[in-house]
Amino acid sequence: MKDALPQTIYLKDYKVSPFEIEKTELVFDLGEHHTRVTTTLSLLRNTLSDEQNADLVLHGSKGLDLQSVSVDGQPLEEDTYNCDSESLTIPGLADRAVVTTEVLIKPQDNTTMMGLYRSRTMYCTQCEAEGFRDITYYLDRPDVMSEFTTKVIADKAQYPVLLSNGNAIERGQLDGGRHFVTWHDPFKKPAYLFALVAGTLSCVEDSFTTMSGRQVALQIFVEEKDLDKCDHGMLSLKHSMRWDEEAYGREYDLDIFMIVAVDDFNMGAMENKGLNIFNTSAVLANPKTTTDASFQRVEAIVAHEYFHNWSGNRVTCRDWFQLSLKEGFTVYRDSQFSADMNSATVKRIEDVSYLRTHQFAEDGGPMSHPVQPDAYMEINNFYTLTVYEKGAEIVGMIRTLLGPDTFRKGSDLYFDRHDGQAVTIEEFVKAMEDTSGRDLTQFRRWYKQSGTPQLAVSSRYDAADRTVTLDFAQSCPATPGQPQKQPFVIPVKLGLVGESGDLPLNSNGDTDIVYEVSQTHQQLVIENIDEAPVPSLLREFSAPVKLDYAYSKDQLIHLMANDSDGFNRWDAGQKLGFELLEKLTADSHQQRPLQMDSQLIEAYKSLLTDASLDPAMVALMLQLPSEAQLHEEATLIHAEAIHSARLFVRQALADALREQFLAVYQRHNIEQDYAPDASQIGRRSLKNTALGYLMLVDQMGVELASKQFAGADNMTDKAAALSCLVNCPAAAQQAKTALQQFEQQYRDEALVMNLWLQIQASNSQSGALERVEALENHPAFSLSNPNKIRSLIGGFCNGNLVNFNNPDGSGYEFLKQRILTLHSRNPQVAARLMTPLTRWKKFPEPNSSQMREALQVIADEQGLVKDIYEIAIKSLQ
Ligand code: B3K
Ligand code: ZN
């Protein structure tokens with residue numbers, strides 16, 4: 001990047017907009033060569049602004065071809081306004097004015113998937129965060145909320161379905177085979193929630209009766225070939241609507257709620273008012289083509305977008321530094337929903353694994369930032385794990401501190417007080433304070449301080465005094481721009497596990513309490529304890545911190561079997577596995593002989609033979625910490641040694657427990673009809689985990705996988721078997737045949753072919769890069785589709801760590817080239833691909849220098865988009 005350096009935007013510079021937009025009237029005339037957008041804005045000066053004489057400065061972008069501007073019906077001469085690649089400035093407006101602009105845009109040439117663009121045969125939009133300015137000149141900021149009326153005109157044969165936000169108020173025929181539909185959204189909204197869709201779409205319809213008895217029409221629009229994949233999305237939507245009424249008292253407000261599925265989409269989905277736009281991968285589901293994991297993902301994303309109707313749309317963000325106000329809260333809400341719909345413990349374990357592996361890595365890397373950042377260059381780079389997942393953890397901690405009833409009253413107050421407003425995170429916390437009477441001043445540091453806090457705990461038991469003393473010490477490493485941290489308020493849910501289970505901690509007989517650690521050092525003494533217990537700390541992962549307690553192996557095994565907290569039972573097993581893997585990684589790196597731990601084998605054996613345990617939990621407990629998590633926890637990442645150590649342990653477990661794995665595999669080979677319910681999903685997960693181990697033993701595993709592949713009536717079992725075969729050195733021929741058959745059978749199912757690409761991209765055997773490069777030429781791959789990029793390129797760079805980090809540097813070179821190819825075509829997708837390279841400081845030589853050099857080449861590229869520039873520059877510091 002050699003030209004003008006991108007500007008940094010600071011939270012401290014926030015000013016209210018000098019103008020408000022009472023009404024926004026849009027006319028889209030969709031044409032073959034261009035689209036004409038006519039925008040009429042009813043403006044008034046904002047009395048809260050201290051710039052009462054300010055020029056009107058509308059945001060725009062270089063793709064807008066301005067045709068005309070008029071004020072109060074009078075066309076403006078060209079020398080009376082100023083138009084550049086980022087804005088349109090009109091001086092001298094009265095306190096009220098109607099400004100009309102007319103622009104031409106070319107959605108058919110738009111490859112960024114922001115603003116108005118084409119996905120296959122349809123037009124669609126993505127406006128969050130700042131895509132509306134790619135459509136027309138506007139005050140494109142979330143605190144400018146307006147009432148929108150949108151007329152869409154297009155050729156009737158090609159685009160029979162024309163949609164926008166709100167209710168359709170008029171439709172009609174026009175000359176030349178064209179038609180129009182006019183939509184009106186009665187709720188004021190910021191431009192980022194605007195949506196438009198035009199295409200040949202089929203629709204699945206249903207309805208929902210809200211808690212006050214209103215009928216809401218529900219519609220899911222898809223291409224005709226996907227009509228058989230809408231049931232699960234529709235059911236998830238209805239469950240979400242009911243759940244939000246029951247759990248948060250939130251009722252839907254319009255008479256219609258629409259979802260449209262599009263193939264080319266930068267993320268999962270978008271919560272546009274009344275017209276959610278979804279990536280096909282986030283809404284379509286059918287047992288024949290969709291795995292259990294995707295069924296659950298669809299349920300969670302449908303819920304997430306629906307919940308935004310209140311946490312995001314009715315109450316929105318004042319500015320983009322407040323992004324976690326809607327995202328952290330909504331992720332928290334969707335995780336509660338998924339926990340209620342499925343197994344709460346399983347959901348918590350999945351969420352925490354994800355947070356620890358990916359958010360902790362982000363928090364410890366060069367892009368580390370607070371949940372409420374104070375500066376950014378490109379806002380799209382701040383749709384992060386920190387803003388979303390850590391933001392959700394903060395909301396969860398507030399609930400833990402306040403208790404569920406007060407938290408609910410706090411959220412009611414927040415929604416009532418701020419309905420129709422654009423507010424800050426501060427206002428959310430304030431509503432919680434006002435409801436509870438609690439001072440959350442120190443707690444607010446969670447929003448402002450970046451980095452993952454560490455909590456060191458030690459304990460001692462005094463038999464004479466019958467007391468347990470727990471000593472807590474908290475600290476937080478330095479992060480970019482924040483060398484020193486103040487102590488956090490850390491809610492630690494804890495219990496004491498005795499010989500035969502939880503011990504009472506107080507005279508009420510409570511077996512767990514929430515202890516608040518708010519000082520750097522703190523001590524808790526628990527009295528009347530008759531035996532030396534094992535502390536069970538941070539139950540349900542009550543705070544997003546790194547816990548350090550020197551558990552012995554025996555203590556961990558005791559917790560694995562006896563802790564009443566399911567999350568901590570699982571976590572004890574993870575710690576056991578992690579400690580062994582850490583030691584074996586060092587041994588492998590030093591080329592010392594590797595030795596298996598017999599206690600881990602025994603612990604696994606108990607899990608496999610106890611039929612009373614929940615299969616989903618057993619499956620999770622049998623999964624060793626992932627390579628990605630081992631990378632996160634390592635001080636210096638020796639990718640090959642980590643891979644070998646993990647494989648060694650898996651092999652040793654498989655050899656020692658062949659019979660037990662086989663018995664479990666057979667016990668959970670379900671005969672019933674497929675259902676994506678928690679019970680069946682848990683059983684399939686356990687069965688396929690067992691199959692993964694059996695593959696390592698002998699030919700029997702290969703035969704089981706081949707049989708499962710051929711006979712599976714659902715995509716979960718089919719894909720699991722395929723993945724087992726593909727990763728098995730002893731099944732080369734079977735894998736080849738299975739891949740061919742799979743391709744033959746699903747070549748017309750884009751989402752299934754993405755899975756096919758991903759399974760191959762993550763094959764950890766040698767030669768992976770060559771296989772990936774060959775697949776780039778396969779018709780199932782395309783650099784224009786974000787899902788395919790994520791499956792193949794992302795699958796290799798994030799899901800095949802041993803090959804991506806090959807010390808010959810080929811993986812980094814590959815990724816660098818793809819980023820350079822993609823950056824101007826689709827900045828957001830390219831920016832997401834940068835993540836693995838940003839971790840260069842954690843790698844030994846030669847990897848570290850190779851990654852750094854790749855970043856440097858990217859940073860030096862001419863005309864680099866600011867999305868990539870920001871990440872490259874910050875990572876190189
Ligand atoms: N709000 C959108 C994310 C928009 C991302 C823009 N780069 C989806 C969601 O979080 O629900
Ligand atoms: Zn969201």
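## The N-terminal domain

UniProt, in an unreviewed entry, puts "domain: Aminopeptidase N-like N-terminal" at residues 53-193. In this predicted model, that stretch comes out as 52% strand and 0% helix. Its end C-alpha atoms sit 29 Å apart.

## Aromatic pairs

Rings pair up a fair bit here: the structure holds 40 aromatic pairs. Take Phe742 and Tyr746, whose ring centres are 4.7 Å apart with planes at 50°, so this pair counts as tilted. Both belong to helix H19 (residues 732-746), and because they are four residues apart there, about one helical turn separates them. As for exposure, Phe742 and Tyr746 are both buried.

## Charges over rings

Two spots are worth a look. The charged end of Lys12 sits over the ring of Tyr10, 4.4 Å from the ring centre. Over at Phe329, it's Arg333 that lies over the ring face, 5.5 Å from the centre.

## The cavity

Phe329 turns up again in the lining of the largest cavity, along with Ser324, Leu325, Gly328, Gly391, Val395, Ile425, Phe428 and Tyr447. How much space lies in the largest cavity? About 50 Å³. The count of cavities of 30 Å³ or more comes to one.

Three helices each supply at least two of the lining residues: H3 (323-341), H5 (385-402) and H7 (425-436). H3 gives the most, with four residues. By character, the lining splits into six nonpolar and three polar residues, with no charged ones.

Definitions and conventions
Residues numbered from 1 in each chain as written. Chains lettered and ligands numbered in written order. Predicted model: local features only at pLDDT ≥ 70, side-chain atom pairs only at ≥ 80, totals over all residues. Heavy atoms only, no water. UniProt positions renumbered as here; feature names shortened; annotations may be inferred. Phe/Tyr/Trp six-rings, centres within 6.5 Å; stacked < 30°, edge-to-face > 60°. Buried < 20%, exposed > 50% of the residue type's maximum accessible area, 1.4 Å probe, protein only. Lys NZ or Arg CZ within 6 Å of the ring centre and 35° of its normal. 1 Å grid on protein atoms, 1.4 Å probe; cavity = no way out; pocket = protein on both sides within 12 Å on 5 of 7 lines; lining within 4 Å. Points joined across faces, edges and corners; volume = space filled by probe spheres on them. Nonpolar A, V, L, I, M, F, W, Y, C, P; charged D, E, K, R; others polar.
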